[in-house]
Amino acid sequence: MYWHKEKRKWAAKISYNAKHIHLGFYAFLADAIERRLLAERAVAEGKHPKPPEIGDPLLPAPVETLSAQQLAEHARR
């Protein structure tokens, strides 16, 4: 993830088959992290990391409602 200065949003990317795949721009860092984690899960399952039209939420609740401990546990998974 990185801050895109011109768009004033967070961007997510992943490397896949020696190419950089853009995963989107997000207002919140947590959303960019979630998209990256979803992409990593897709790659681990042998799928392309490009985001689907309808998202599959990785977290059980909005990130704002989770404690630091809960976020850390999901990050470890």
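**View 1. The elements of the protein chain run β-β-β-α-α from the N terminus on.** Altogether there are two helices and three strands; helices (H or I, at least four residues) and strands (E, at least two) are DSSP runs, numbered from the N terminus. Please keep in mind that this is a predicted model, in which local features need pLDDT of at least 70 and side-chain atom pairs count only at pLDDT 80 or more, while totals for chains, interfaces and linings use all residues. Residues are numbered from 1 along each chain as its sequence is written, and side-chain values use heavy atoms, with hydrogens and water left out.

**View 2. The surface and the interior of the protein chain.** The accessible surface comes to about 5,700 Å², and 55% of this belongs to carbon and sulfur atoms; the areas come from the Shrake-Rupley method with a 1.4 Å probe, and for residues only the protein chains shown count as cover. Of the 77 residues in the protein chain, 26% are buried. Here buried means under 20% relative accessible area, exposed means over 50%, and partly exposed lies in between (1.4 Å probe, protein chains only). Looking at contacts (heavy atoms within 4.5 Å), residues 24 or more positions apart supply 26% of those with a separation of 6 or more.

**View 3. An open sheet of three strands, in the order β1-β2-β3 with antiparallel pairing.** The edges of the sheet are β1 (2-4) and β3, each of which pairs on one side only. On average, neighbouring strands are turned by 40 degrees against each other, direction ignored. For such angles, axes are lines fitted to C-alpha atoms, for helices over the stretch in contact, and angles between N-to-C directions run from 0 to 180 degrees. Two strands count as a pair if DSSP finds at least two bridges between them. As a reminder, strands of a sheet pair through backbone hydrogen bonds, either parallel or antiparallel.

**View 4. The hairpin of β1 and β2.** Three bridges join these antiparallel strands, and one of the matched residues is H4, whose bridge partner in β2 is K9. H4 belongs to strand β1 and is buried, with a relative accessible area of 18%. Beyond its neighbours within four places in sequence, H4 is in contact with K9 and F25. Four residues lie between the strands of this hairpin. In that loop sits R8, which has a positive phi of about 55 degrees although it is not a glycine. At 63% relative accessibility, R8 is exposed. For context, most residues other than glycine have a negative phi.

**View 5. The hairpin of β2 and β3.** These strands pair in the antiparallel sense over seven bridges. W10 has Y26 of β3 as its bridge partner, while I14 stands opposite I21 in β3. Two residues lie between the strands of this hairpin. The loop between β2 and β3 holds N17, another residue that has a positive phi, about 50 degrees, although it is not a glycine. N17 is exposed, with a relative accessible area of 61%.

**View 6. Helix α1 (residues 29-44) on the sheet.** With 16 residues, α1 reaches 23 Å from its first C-alpha to its last, close to the 22 Å expected at 1.5 Å a residue; that expected span is 1.5 Å times one less than the number of residues. Which residues of α1 are buried? They are A32, E34, R35, L38, A39 and A42. These residues cover an arc of only 160 degrees around the axis, so they sit on the same side of α1; the arc is that of the directions from the helix axis to the C-beta atoms. The buried residues of α1 pack against β2 (9-16) and β3 (19-26). α1 packs on the sheet, touching β2 and β3, and its direction makes about 15 degrees with that of β2. Just after α1 comes G46, which takes a positive phi of about 80 degrees.

**View 7. The surroundings of Y16 in strand β2.** Not counting residues up to four places away in sequence, Y16 touches I21, V43, K47, H48 and P49. Which distance separates Y16 and E40 in space? Their C-alpha atoms are 9.6 Å apart, and the two residues are 24 residues apart in sequence.
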